[in-house]
Amino acid sequence: MGYESKLYVVEKSPRGLNEDGMKYGEVIAMIDMCKLGSDFINMLSNYPPTDCYIYIDDEETVEDKYGDPLIEIPVQDMINILDELSQKEDYRRFAPAIGLLGGFNSKDWGDLVVLHYGY
């Protein structure tokens with residue numbers, strides 16, 4: 001079992017706190033992974049909800065379409081997760097996602113993270 005997933009690459013800012021004290025997350029990139037299996041969801045279970053909000057469809061968002069909080073994953077951890085899954089399963093979206101995430105030089109960015117959004 002799985003559900004549709006989007007991965008948002010976000011640079012978190014200490015400025016722009018909302019009324020709940022959450023940081024503004026500027027969306028830098030997004031990749032639609034479509035349906036991923038339960039292995040992927042299970043691998044994210046150890047990561048915390050984010051402390052930032054993003055805008056999706058011009059609305060401030062802190063949770064996904066299922067009402068679950070957005071989960072924050074370090075960029076390198078997400079690369080490792082996708083790489084591990086790609087060793088078990090041939091899915092054409094893994095390589096582009098790994099390539100996108102691997103293209104970010106952490107020295108060029110502030111607090112850059114990946115947010116998981118289920119829909």
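**Why these labels? A chat about a predicted model**

Author: Let's start with Lys6, which lies over the face of Tyr119, 4.9 Å from the ring centre. Keep in mind that this is a predicted model.

Reader: What makes Lys6 count as lying over the face of Tyr119?

Author: Part of the test is that NZ of Lys is within 6 Å of the ring centre, and Lys6 is at 4.9 Å.

Reader: Next, His116. Why is His116 called buried?

Author: The label needs under 20% relative accessible area. His116 has 4%, so it counts as buried. You'll find His116 in strand β6, residues 111-118.

Reader: How do you know that the side chains of His116 and Ser5 are joined by a polar contact?

Author: The cut-off for the N or O atoms is within 3.5 Å, and theirs is a contact of 2.8 Å. Leaving aside neighbours within four places in sequence, His116 is also in contact with other residues, including Tyr3, Phe40 and Ile73.

Reader: What about rings: how many aromatic pairs are there?

Author: There are 7. One of them is Tyr8 with Tyr117, at 6.0 Å centre to centre and 85° between the planes.

Reader: Why is that pair called edge-to-face?

Author: Ring centres must lie within 6.5 Å and planes over 60 degrees apart; Tyr8 and Tyr117, at 6.0 Å and 85°, therefore fit. Tyr8 is in strand β1 and Tyr117 in strand β6, so the pair ties together parts 109 residues apart in sequence.

Reader: And why are Tyr8 and Tyr117 called buried?

Author: Tyr8 has 7% relative accessibility and Tyr117 has 6%, against a cut-off of under 20%. So Tyr8 counts as buried, and so does Tyr117.

Definitions and conventions
Residues are numbered from 1 along each chain as its sequence is written. This is a predicted model: local features need pLDDT of at least 70, side-chain atom pairs count only at pLDDT 80 or more; totals for chains, interfaces and linings use all residues. Side-chain values use heavy atoms; hydrogens and water are left out. Helices (H or I, at least four residues) and strands (E, at least two) are DSSP runs, numbered from the N terminus. Buried means under 20% relative accessible area, exposed over 50%, partly exposed in between (1.4 Å probe, protein chains only). A polar contact is a pair of N or O atoms within 3.5 Å; within protein, one must be able to donate a hydrogen and the other to accept it, and residues adjacent in sequence count only if both atoms are side-chain atoms. Contact means heavy atoms within 4.5 Å. Rings of Phe, Tyr and Trp (its six-membered ring) pair if their centres lie within 6.5 Å; planes under 30 degrees apart count as stacked, over 60 as edge-to-face and the rest as tilted. A charge sits over a ring if NZ of Lys or CZ of Arg is within 6 Å of the ring centre and within 35 degrees of the ring normal.
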